[in-house]
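Please look over the notes below on how the ligand is held. They take the surroundings first, then the contacts, then the placement.

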Amino acid sequence: MALAEQLETLAIDIAREAGELARRRRTEGVAIAATKSSIADIVTEADREVETLIRARLVAERPGDGFLGEESGAERGTTDITWVVDPIDGTVNYAYGIPAYAVSIAAVRGEPAPDRWEALAGAVFSPPTGEMFHAAQGAGAWLDDSRLTVNAEASPAGSLLATGFGYNPATHASDLARVARVMPIARDLRRIGAASLDLSYVAAGRFDGYFERGLQPWDHAAGALLVEEAGGRFTRVALEDIPGRPLFVASGAAIFDELLTLAIGP
Ligand code: LIP
């Protein structure tokens, strides 16, 4: 079995175990542990517990690999592989009891930076639905045992698009202006609140496209590979107004250039 598929198998196994822990903790009641970039940017005790489980499994299975996790930070490894992990993507949904959250685990090779890494494998597990989205480099994108492909054609009714907004109120006006620019090509818009699910849904053809500014590496590491392995396109664009808050766009080829142009704006 190729390395990418070995890493995919491990990501699937750990994501499922981690997701079941997250689901159990949700039923027991969720405690907010702290806030991060803003009062709206929360972390729950479950986020921390789930990431601890993921990290322990990875150390046991692949002790030399690096780690980049949303809650416990970065640790360089001695191999060329780094695991990029969001233990509960959609944390606010999770805290409110909205059944739209996922465990996102990706394995990347090279420099653990989104503009320099080579994504090898990824798994996005949705505990509320039991769906496992997964991909290995060159081996396609899958939902459980079903092969995924993005929507290759543009719909005459317009595109079903998804987006998201950051936790900083100061960026909401420009994000809403971006929505207004994009809406003329949309049939409708969805805002799920978990980028890894947004990207998985693009890969599955459930969305025609997705755009959002300010994602963290762990939000998109697995989902971006799913989109590309499903025949779609994914890009990360640094914008001059806030260089540290890149724009991310994902879709099938038919609408990608137009969606990117509108999302970037003048
Ligand atoms: C979330 C992303 C979502 C974004 C939210 C938040 P978290 O990640 O998945 O797309 O709109 O603002 O960043 O914080 O739930 O891991």
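1. A residue counts as near a molecule if one of its heavy atoms lies within 4 Å of it. The ligand is surrounded by 18 residues, and the closest are Asp89, Gly90, Arg191, Ala195 and Glu212.

2. The model is predicted: local features need pLDDT of at least 70, side-chain atom pairs count only at pLDDT 80 or more, and totals for chains, interfaces and linings use all residues. Residues are numbered from 1 along each chain as its sequence is written, and side-chain values use heavy atoms, with hydrogens and water left out.

3. Three pairs of atoms qualify as polar contacts (N or O atoms within 3.5 Å). A backbone N or O atom of Gly90 is 2.7 Å from a ligand oxygen. For Tyr167, a polar side-chain atom lies 2.8 Å from an oxygen atom of the ligand. In Arg191, a side-chain N or O atom is 2.8 Å from a ligand oxygen.

4. Of the 380 Å² that the ligand exposes when taken alone, the protein buries 94% (Shrake-Rupley method, 1.4 Å probe).

5. Which elements give two or more residues to the shell around the ligand? They are strand E5 (81-89) and strand E13 (209-213); strands are DSSP runs of at least two residues, numbered from the N terminus. E5 gives the most, with three residues.

6. Why does the ligand lie between domain 1 (3-147) and domain 2 (159-264)? Both domains give residues to the shell, so the ligand lies between them. The domain bounds come from an automatic or database assignment.

Note on methods
A polar contact is a pair of N or O atoms within 3.5 Å; within protein, one must be able to donate a hydrogen and the other to accept it, and residues adjacent in sequence count only if both atoms are side-chain atoms. Helices (H or I, at least four residues) and strands (E, at least two) are DSSP runs, numbered from the N terminus.
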